[in-house]
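Let's go through this one the sceptical way: each label gets challenged, and each challenge gets an answer.

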Amino acid sequence: MNSVPLSIGTYIPTKHNTLLISTKNSNSQTTTNPIPHFIKSSVPVNKLNESSPLFRRREALTTLGLIFSETFFKQSNIEAIAGECEFTVTPSGLAYCDKVVGTGPEAVKGQLIKAHYIGKLENGKVFDSSYNRGKPLTFRVGVGEVIKGWDQGILGGDGFPPMLAGGKRKLKIPPELGYGIRGAGCRGGTCIIPPDSVLLFDVEFVGKA
């Protein structure tokens, strides 16, 4: 049987369970545009008219404020988009992208390591998170203690690099490298991870345990 971050047989989830460990079982705050407020005048605003120099100056500064605001928010959106990384698909079907390339040593097969993660389904639903538990997952990488997609995604191979300690990588794991046709966390006809699910993980390789 394929190992999974969990091979689920008679798995019963609790709030302390992690869906990554392999068990080899047989069977708004609303904001406004920043308009300058530094013009002071003894002339009441309701007495100003369109021919007043002060009115024209106030209008010009207001327009500049609106232009600045629009430019600022457009730039913020551009930066947010630039912060997203594009998946590279490997020959095994695993896809990855590096959000942060680490500066520490790479993971070695059989090594006991620590990693933080957030696991999601394709619809965006989070099914597990080590951050919520306040501690990283500790496991031996590359020996089947976690699903194949994790082992491959951390160790690299097939022409893509291994993770380095301190790195953050997004993984898109096809069913055959995840929980396959059985799914995971199944009980009473429902599954936390449905069969044939594509999994999305944000993985942070903390380092050697």
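Q: Which residues touch the most other members of the largest nonpolar core?
A: In this predicted model, that core has 28 residues, and Phe-139, Trp-150, Ile-154, Ile-173, Leu-199, Phe-201 and Val-203 touch the most other members. Strand 3, strand 5, helix 3, strand 6 and strand 9 each put in at least two residues.

Q: What is Val-203 in contact with, once neighbours within four places in sequence are left aside?
A: Quite a list: Ala-115, His-116, Tyr-117, Trp-150, Ile-154, Met-163, Gly-167, Lys-168, Arg-169 and Leu-171. Each counts because contact takes heavy atoms within 4.5 Å.

Q: Which residues of helix 3 are buried, and what do they pack against?
A: Helix 3 covers residues 148-155, and its buried residues are Gly-149, Trp-150, Asp-151, Gly-153 and Ile-154. They pack against strand 3 (112-121), strand 5 (137-140), strand 6 and strand 9. Just past the end of the helix, Gly-156 takes a positive phi of about 80°.

Q: Why is Arg-169 called buried?
A: Its relative accessible area is 2%, and buried means under 20%. So Arg-169 qualifies as buried. This arginine is found in strand 6.

Q: What makes the links from the Arg-169 side chain to Gly-153 and Pro-161 polar contacts?
A: The cut-off is 3.5 Å between N or O atoms, with one able to donate a hydrogen and the other to accept it. A polar atom of the Arg-169 side chain lies 2.7 Å from the backbone oxygen of Gly-153. The same side chain reaches the backbone oxygen of Pro-161 at 3.0 Å. Both distances fall within the limit, so both are polar contacts.

Q: Which other residues does Arg-169 touch, not counting those up to four places away in sequence?
A: Among them are Tyr-96, Cys-97, Asp-98 and Lys-99, along with Phe-201, Asp-202 and Val-203. Phe-160, Pro-162 and Met-163 are on the list too.

Q: How do you know that strand 6 pairs with strand 2 and with strand 9?
A: Pairing needs at least two bridges. Strand 2 (residues 95-100) and strand 6 (residues 168-173) have five, in the antiparallel sense. Strand 6 and strand 9 (residues 199-208) are joined by six and also run antiparallel. Therefore both count as paired. For a feel of the register, Tyr-96 stands opposite Leu-171 in strand 6, while Lys-170 has Asp-202 in strand 9 as its bridge partner.

Q: What makes Cys-85 and Cys-97 a disulfide?
A: Their sulfur atoms are 2.1 Å apart, and the rule asks for a pair within 2.5 Å. So the bond is called. Cys-85 sits in the loop between helix 1 (53-82) and strand 1 (88-89), and Cys-97 is in strand 2, 12 residues apart.

Q: Why is Cys-97 called buried and Cys-85 partly exposed?
A: The buried class ends at 20%, and partly exposed runs from there up to 50%. Cys-97 comes in at 3%, so it is buried. Cys-85 has a relative accessible area of 21%, so partly exposed is the label.

Q: How do you know that Cys-186 and Cys-191 are joined?
A: Their S to S distance is 2.0 Å, within the 2.5 Å limit, so this pair is a disulfide. The link is right-handed, with 105° about the S-S bond. Cys-186 is partly exposed at 27% relative accessibility, and Cys-191 is partly exposed with a relative accessible area of 27%. The count comes to two disulfides, in the pattern 1-2, 3-4 along the chain.

Q: Why are Asp-158 and Asp-196 called partly exposed?
A: Exposed means over 50%. Asp-158 has 49% relative accessibility, so it stays partly exposed. Asp-196 has a relative accessible area of 48% and so gets that label too.

Q: Where are these aspartates, and what are their phi values?
A: Asp-158 lies in the loop between helix 3 and strand 6, with phi near 55°, a positive value in a residue other than glycine. Asp-196 is in the loop between strand 8 (190-193) and strand 9, and its phi is positive at about 60° although it is not a glycine.

Technical notes. Residues are numbered from 1 along each chain as its sequence is written. This is a predicted model: local features need pLDDT of at least 70, side-chain atom pairs count only at pLDDT 80 or more; totals for chains, interfaces and linings use all residues. Side-chain values use heavy atoms; hydrogens and water are left out. Helices (H or I, at least four residues) and strands (E, at least two) are DSSP runs, numbered from the N terminus. Buried means under 20% relative accessible area, exposed over 50%, partly exposed in between (1.4 Å probe, protein chains only). A nonpolar core is a set of buried Ala, Val, Leu, Ile, Met, Phe, Trp, Tyr and Cys residues joined through side-chain atoms within 4.5 Å.
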